[in-house]
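Open the model in your viewer and keep a selection box to hand. The tour goes stop by stop, from the core to the sheet, then to the other chain.

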Amino acid sequence: MSIPPLLQVEGLHVRYPVRKGLFGGVVGTINAVDGVSLTLARGETLGLVGESGCGKSTLGRTVIALQRPSAGTVLFRNQDLFALPPDQLKRQRRFAQFIFQNPRTCFDPRRTVGASVRMALDVQQMLDRQDRDEAVADIFRKVGLRPEHRFRYPHELSGGQLQRIGIARALILKPSLIVCDEPVSALDVSVQAQILNLLRDLRAEFELALLFVSHNLAVVEYIADRVAVMYYGRIVETAPAKQLFRAPRHPYTKALLAAVPSIDVARRDDPVPRLGDPPDPARLPSGCRFRNRCPIATPRCAEHEPALAGVDAGHAVACWAAEGAAIPISAMAGG
Amino acid sequence: MTTILPSPRHGPPLLEIRDLRTQFGFGPGTVNAVQGVDLRIAPGEIVGLVGESGSGKSVLALSILRLIQTPGRIAGGQILFDGRDVLAMSARDLGRWRGRDIGIIFQQPQGCLNPVRRIGWQVAEPLRQQERLTRRAAWDGAVSLLRSVGIPAPEEKALAYPHQLSGGQAQRVMIAIALALRPRLLIADEPTTALDVTIQAQILELLRDSCRHAGTSLLLVTHDLGVVARLADRVAVMYAGRIVEDGPVATMLDDPGHPYARGLLRAAPRLGQSGGERLQDIPGGIPDLSRAAPGCAFAPRCGRRASLALARCLEEMPPLATVRPDHRLRCWAAPDATGARS
């Protein structure tokens, strides 16, 4: 009997209505998350990548019950989050925390940052009242700040310092999962490296599982154990990080990787993939949703949507062509 | 295929900036955002201007265009465009110069387009104003510009409003507007930062090809070294309002001399290289630009200074010294002439 995963997501759907006109009549739906299943083990980091609008943030928010799915289940610590009564859900929230993209906008500007962090303890009624301030001071040290920083207001701190406090606020509840939604995108590269290293250290120390949502593939490669590539609501490829970056199988993953500009000047004239513009998410093509941008689509792709199928140990791809020969990236560059 | 063109160092530069200073605010709280920048851009040259937020790179770009608004002001220095003194231009000359010779591309294309005008008219506007074309001719010109920047079905798209465009299309429209009058200098401030990576690759290619074909110079302001590697002939790195190093792109991305430039290279995770190895961050943060400190602005964060225990770095600002004909470096600890090794 194997240990059950920390997080198990089954058949998750999140639909948003598309409204139009003066009276807001519903004219369609966007399937932001369209049948996603995934698991996350204790202490594991799953990187979730994809273009803007692909549903990765919605997925991240839904798995920790910041919003309700239209269908599907989320088992977290063996509990079905969306079947729990409110008081028990609140208790579970302690174990699943969130780090936001822009630390400038996620703190109350009229509250000291120490008070904002302490509030997490107050809400969850953790520790005795008199011990909470000491716990805040401890966690500030842990994330590389001085305890005196507690008495500052958000506008007095830099973006990197605020993101450390964002991490402190999540960490102080001793969670087992943190969803990080683009946690370093708003930061400069030197500060980004500080925060990524901090997350790696804390992850080891606290046995944290991370769901790391990012559009930056190099950052994900640095931090993730496993990666899932999302395209308009579906996971189209998932593999251990090393394997995904070394031997991607899905044409979309290949295009994403080839599009990242290399720092190597010798590669400045490498062909760039021409994917064309992204589709209207309310009107995705039939069959495989990537087929109208795909360089190797066949008639079969228009008829049936490929399911995520294993091709190798821990490596699954949703593509009809993936079992076949490797697709050279040069085939993706147009003239 | 041409890759790295030799930097045309000889002959008169298109743009020459001398000791430019830009300040914001007054009194003791004055922020010295640009503190004496010297920079030349040759005709047809693509210069990448790299630095982190607060380094003054965007302020420098706006200063060149004289777009600094109160409480900011250009406090000193000279900007020469093709020998003409930009800071001495009358409002009328300035308007004509900006319209004719300069193209501008900003980070957020949607924020720069008029939401209630069809994009065709927005592209046609410079043609109408500066070239005095008729409405019909300007519209046709706009359609062919939209085609040249890769907008599909440009006749129909010209009728669209900005909200009907994707981010990538909107940036293409901005590029079309910027290139409408075949400017001699294009200034692009983080042109692809708001775009997805697949779109970014295509926009960068469009920018590079447009500049190469028309011989347009480009000042490319960015924090992304990958973007610089794809486009730039030369790279200038800014820190705390000053250029700390300036050299050919291959040198700057392979073996730069300044500790800050080296730190930036090591701090960025790279595809296919990371995993086990720990990223080397640059400890600390940027200095307060309203406080004049003696010495090198980077000294408090500098590992090289710490390991060499150099006192001079904290006492005296190093000059931007020419270490090779096309390579300038602002560091006391850098061995001269041969380029620095740390």
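Which residues have the most contacts inside the largest nonpolar core? Select A:L211, A:F212, B:V123, B:A176, B:L219, B:L220 and B:V237. The core that holds them has 201 residues. This is a predicted model, so treat every value on the tour as computed from it. Now highlight α7(B), which gives the most to this core, with eight residues. Nonpolar side chains tend to be buried together in soluble globular proteins.

**Stop 1: B:L219.** Centre on B:L219 and show its contacts. Leaving out residues up to four places away in sequence, B:L219 touches B:I41, B:V47, B:L49, B:A61, B:L185 and B:I187.

**Stop 2: chain A as a whole.** Show chain A alone. It has 10 helices and 12 strands. Its C-alpha atoms fill a box of roughly 70 × 55 × 50 Å along the principal axes. The radius of gyration of chain A is 21 Å, which agrees with the value near 20 Å for a compact globule because the chain has 335 residues. Of those residues, 46% count as buried. Take the contacts in chain A between residues at least 6 apart in sequence: 64% of them join residues at least 24 apart.

**Stop 3: the sheet in chain A.** Colour the strands of the eight-stranded open sheet. Reading across, the order is β6-β7-β8-β3-β9-β10-β12-β11 (chain A), and the pairing is mixed. Its edge strands are β6 (96–99) and β11 (309–312) of chain A, each pairing on one side only. On average, neighbouring strands are turned by 25° against each other, direction ignored.

Select β7 (residues 177–181) and β8 (residues 209–214) of chain A. These run parallel and are joined by five bridges. Across the pair, A:C180 stands opposite A:F212. You have already met A:F212, one of the core residues with the most contacts.

Next, add helix α1 (residues 56–63) of chain A. It lies across β3 (45–49), β7, β8 and β9 (226–231) of chain A, and runs at about 155° to β8(A).

**Stop 4: β9(A).** Zoom in on this strand. Is β9(A) mostly covered or mostly open? Six of its six residues are buried, so to speak of cover is fair by the cut-off of 20 or more other C-beta atoms within 10 Å. In a regular strand, side chains alternate between the two faces of the sheet. Here one side carries A:R226, A:A228 and A:M230, the other A:V227, A:V229 and A:Y231, and all are buried.

Now look at the neighbours of the strand. β3(A) pairs with β9(A) in the parallel sense over four bridges, and A:V49 stands opposite A:V229. β10 (residues 234–240) of chain A pairs with β9(A) in the antiparallel sense over six bridges. There, A:Y231 has A:R234 as its bridge partner. Two residues lie between the strands of this hairpin, and A:Y232 takes a positive phi near 45°.

**Stop 5: a hairpin in chain B.** Switch to β1 (residues 15–24) and β2 (residues 31–41) of chain B. They run antiparallel, joined by eight bridges. B:F24 stands opposite B:V31. Six residues separate the strands, and B:G25 takes a positive phi near 80°.

**Last stop: where the chains meet.** Show both chains. In contact are 41 residues of chain B and 37 residues of chain A. On the chain B side, α8(B) gives the most, with seven residues. By class, that side has 18 nonpolar, 16 polar and seven charged residues.

Technical notes. Residues numbered from 1 in each chain as written. Chains lettered and ligands numbered in written order. Rg over C-alpha atoms; globule rule 2.2 N^0.38 Å. Buried ≥ 20, exposed ≤ 12 C-beta atoms within 10 Å, placed from the backbone. Contact = placed C-beta atoms within 7 Å. Pairing = 2+ DSSP bridges. Nonpolar A, V, L, I, M, F, W, Y, C, P; charged D, E, K, R; others polar. Core = buried A, V, L, I, M, F, W, Y, C linked by C-beta atoms within 7 Å. Axes fitted to C-alpha atoms, helices over the stretch in contact; angles between N-to-C directions.
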